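Please look at the sequence and the model that follow, with attention to the second largest pocket and to the surroundings of the ligand.

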Amino acid sequence: MPFKTRITEMLGIEHPIVQGGMQGVGVAELASAVSNAGGLGILTALTQPTPQALRAEIERCRSMTDKPFAVNMTVFPTINPPDYKAYAEAVIEGGVKIVETAGTAAIAEIWEMLKPAGIKILHKCTSVRHSLSAERKGVDAISIDGFECAGHPGEDDIPGLILIPCAADKVKIPLIASGGFGDGRGLVAALALGADGINMGTRFCATVEAPIHPNVKQAYIDNDERGTNLIFRSLKNTARVGKSAVSDEVVRRLAQPGAKFADVADLVSGKHGRELLQSGDLSKGVFWASMVQGLIRDIPTVKELIDRIIAEAEGIVDQRLARMHIRA
Ligand SMILES: Cc1cc2nc3c(=O)[nH]c(=O)nc-3n(C[C@H](O)[C@H](O)[C@H](O)COP(=O)(O)O)c2cc1C
């Protein structure tokens, strides 16, 4: 066990590597592969159409791994919210012991349901102030997403190189660094910056087990570190997605004076995003992706990826850094 941290100890996992919740991607095949490889795999609750389906997916995942795995619950700002409490009940009844949460402040109600069930809560957020607020409210660990990340980086635009040590200086509970991680160099950097582990989203999308069409996986390889667009900036709900003709068009439309969500709703709908992931047709909608695309050059199995990250990180610590550090 080369890297033992507060996160490996708290979660009972071998390696300090977490697979972030991913809408449309976080199903049992991927989550169990990550857990079997020694990381923490995460099912994404709202990928399942109903709480009953989530309950069945938890059982399916349990039949595929005897290692710990988690469920992500993300509370989105939406007009017709799903029955979050029923999803949380499915998690509790399913005997899941770790939940990753994210989203609006309404998530606090879900924490109050999960805590009495003895569930460990990893709360993912994008600022030090939100980390401290979640810590005060009793979550067990913070996952902090830098500006590089796929999904919602917040509105502060602070990259991980600053955000992670700023959080590490103030947050007392275990800290997971997220956004832009994809290799052993990133893992060592995160640990050096004061985190206890890393969370990866985009990098896990470009693996054999990710339930995504090969064309989309190829897009992660073809795009470099500049291959993302920030959409919804003017709506104060910034989201980082893969650069494509569709996301370029979303940016163009929202740059028009007075533009509203309705002007791009057809391009960004969740339904179209799911179709894109399944069909591989990038003209269908937008797909989540981060700057880490610049570091994605192959489609390994999850186990190959995790083993490679750990071996690379060990090599950096034991050889590269050890050689550079001249003891008097
Ligand atoms: C395809 C995809 C879907 C995602 N869906 C969610 C989600 O539903 N809820 C959530 O909290 N984060 C979601 N994220 C964000 C990831 O959990 C993670 O925080 C982010 O990807 C980290 O940045 P990285 O992509 O550079 O590793 C998603 C990311 C990707 C790539």
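Helix H7 (160–170) and helix H8 (184–192) each contribute at least two residues to the lining of the second largest pocket, helices here being DSSP runs of H or I with at least four residues, and strands runs of E with at least two, numbered from the N terminus. This is a predicted model, in which local features need pLDDT of at least 70 and side-chain atom pairs count only at pLDDT 80 or more, while totals for chains, interfaces and linings use all residues. Residues are numbered from 1 along each chain as its sequence is written, and side-chain values use heavy atoms, with hydrogens and water left out.

The second largest pocket holds about 290 Å³ of space. Of its 15 lining residues, those closest to the centre are Glu-148, Gly-179, Gly-180, Phe-181 and Gly-186; a lining residue has an atom within 4 Å of a point of the pocket on a 1 Å grid. By class, this lining has eight nonpolar, four polar and three charged residues, with Gly counted as polar.

Around the ligand there are 22 residues, the closest being Gly-21, Lys-124, Gly-180, Thr-202 and Ser-290, where near means a heavy atom within 4 Å. This shell divides into eight nonpolar, 12 polar and two charged residues. The table gives polar contacts of the ligand, that is, pairs of N or O atoms within 3.5 Å.

| Ligand atom | Protein partner | Distance |
|---|---|---|
| nitrogen | polar backbone atom of Gln-23 | 3.0 Å |
| oxygen | side-chain N or O atom of Asp-145 | 3.1 Å |
| oxygen | polar backbone atom of Gly-201 | 2.8 Å |

The protein covers 95% of the 600 Å² of accessible area that the ligand has on its own, as computed by the Shrake-Rupley method with a 1.4 Å probe. Strand S3 (69–75), strand S8 (197–200) and helix H9 (202–205) are the elements that give two or more residues to the shell.

Conventions
A polar contact is a pair of N or O atoms within 3.5 Å; within protein, one must be able to donate a hydrogen and the other to accept it, and residues adjacent in sequence count only if both atoms are side-chain atoms. On a 1 Å grid over the protein atoms alone, a cavity is a set of points where a 1.4 Å probe fits but cannot get out, and a pocket is an open set with protein on both sides within 12 Å along at least five of seven lines; lining residues have an atom within 4 Å of a point. Grid points are joined across faces, edges and corners, and a volume is the space filled by probe spheres set on the points.
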